[in-house]
Amino acid sequence: MSRDICVHTWPCSYYLELEKRWVPGKLWLTSLSLKFLTDKTGDFLVSFPLADIIEIKKEASHFIFSSVTILEKGHVKHWFSSLQPNRNVVFHIIEHFWRELLLSQPGGAVEASSSRMTKGKELTGLMACSQKRLEDAARVLHYQGEQLDSITSSLDNMESDLDVADRLLKELESHSWWPFSFKLWKMPSDTNSRGGSSMASTKALGKEGIVIRIPAVISQGTESHVKPGRLTILVSGLEIHDSNSLLLHRFEREDVDDIKVHTHYEVSIRQRFIGKPDITFRLISAKMPEVVPILEMQFSKKIEFLEDALMLRSTGTSSPAEKGYSVWQAASRPVDCARHREPSSGNQEGRLLQLQMSEPLISEEDTQELRQILGKLKGLALDAEAELERQDEALDGIATAVDRATLTIDKHNRRVKKLT
């Protein structure tokens, strides 16, 4: 299911051990492999899967030239030098994708790439992907519901405070308030209790939910300075941390001006300013394909897919729904062909039937797994629908409470003006 997509290329030189010379060319990093393309012939001189890498190090050739060395299975060592923009950038990005591949597919990357994927497995993978997307959307809905509940609680406290203000204004409007009234001195205890509850509600309102957190290679400003870190997507915004969990920057949801998807694995996030430089972070991550749909859902009007990303979306790395349609179409095509095509002889018809019986498109095990996933998807969809209906009712209640509070505040302001 996974395709070998190009992540990045860098101009560099490769050392040929047999000829004792350096060959200029480009280093290609893909999602599953590492390749070196020569400038002279345009052929791939070296190509090996990331899963075969044993060690990646920064070394110096002849104690002068900075290089990146990669030790492959079988103790084959590859030397790459004259890396642009610099050695550290290339090292951090290759190391990130290598580690993430080992963590996500321990010991099975080669086997997975060589084994033939059945239609049942493809459908199961697509359904699992759809389930994960729906779970992410449900998580966002849940935290959104919590925020609406906190807003409702805050409006209730505001209405109680307005009732207190109404009683105070009544005391001030009466003639018996001078010089002092005992009722006025009884109010602070009540207001203190209200203040405590409002503080609790603001704390509840400030409680944030993490939607997803992924490791990434981060650069700010120029691409020549990169460092490992992580990207955290919250309901209220985005956070970028370094490898020591120190917060580099926090983007509030309304502060993000644009998000550009450069490739399948690379995005940039920008916040504009007037009179001072913009804040822009560029992030590369092996987990970025999981994050882009969430960013597209949260920042639908601010996200932009550049040419390379659009090409990937249109050539197979499309949305799960489109993928599911094409696979279902491909799975049904042999049946349709067998139904509409008139066999030229009884021999061919018998051969087709025998082939369909010997090689089923979807096995019983895959069918059972698909049934379970579809059941979970149905449950998630029903829960999401119920939560949306509840939130619609909560929004109607919030709108009514805000209108009522606005009218009460205007009325209190007019009464205060009369007193002054």
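Visitor: What counts as a charge sitting over a ring?
Guide: NZ of Lys or CZ of Arg must be within 6 Å of the ring centre and within 35 degrees of the ring normal. Keep in mind that this is a predicted model.

Visitor: OK, so which ring does the charged end of Lys276 sit over?
Guide: The ring of Phe273. The charged end of Lys276 is 4.4 Å from the centre of that ring.

Visitor: And what about Lys35?
Guide: Its charged end sits over the ring of Phe44, 5.2 Å from the centre.

Visitor: New topic. How many aromatic pairs are there in the whole structure?
Guide: A search finds 7. One of them joins Tyr14 and Phe80. Their ring centres are 5.3 Å apart and their planes are at 45°, so this pair is tilted.

Visitor: Where do Tyr14 and Phe80 lie?
Guide: Tyr14 is in strand S1, residues 6-16. Phe80 is in strand S7, residues 76-81. The pair therefore ties together parts that are 66 residues apart in sequence.

Visitor: Are those two buried or exposed?
Guide: Tyr14 is buried, and Phe80 is buried too. For Phe80, the relative accessible area is 2%.

Visitor: Which aromatic pair do Phe36 and Phe80 form, stacked or tilted?
Guide: Tilted, with 6.3 Å centre to centre and 50° between the planes. Phe36 lies in strand S3, residues 33-38, and Phe80 in strand S7, so this pair ties together parts 44 residues apart in sequence.

Visitor: Why does Phe36 count as buried?
Guide: Because its relative accessibility is 0%, and buried means under 20%.

Visitor: What do the ring pairs make of Tyr14, Phe36 and Phe80?
Guide: A cluster, linked by those ring pairs.

Terms used
Residues are numbered from 1 along each chain as its sequence is written. This is a predicted model: local features need pLDDT of at least 70, side-chain atom pairs count only at pLDDT 80 or more; totals for chains, interfaces and linings use all residues. Side-chain values use heavy atoms; hydrogens and water are left out. Rings of Phe, Tyr and Trp (its six-membered ring) pair if their centres lie within 6.5 Å; planes under 30 degrees apart count as stacked, over 60 as edge-to-face and the rest as tilted. Helices (H or I, at least four residues) and strands (E, at least two) are DSSP runs, numbered from the N terminus. Buried means under 20% relative accessible area, exposed over 50%, partly exposed in between (1.4 Å probe, protein chains only).
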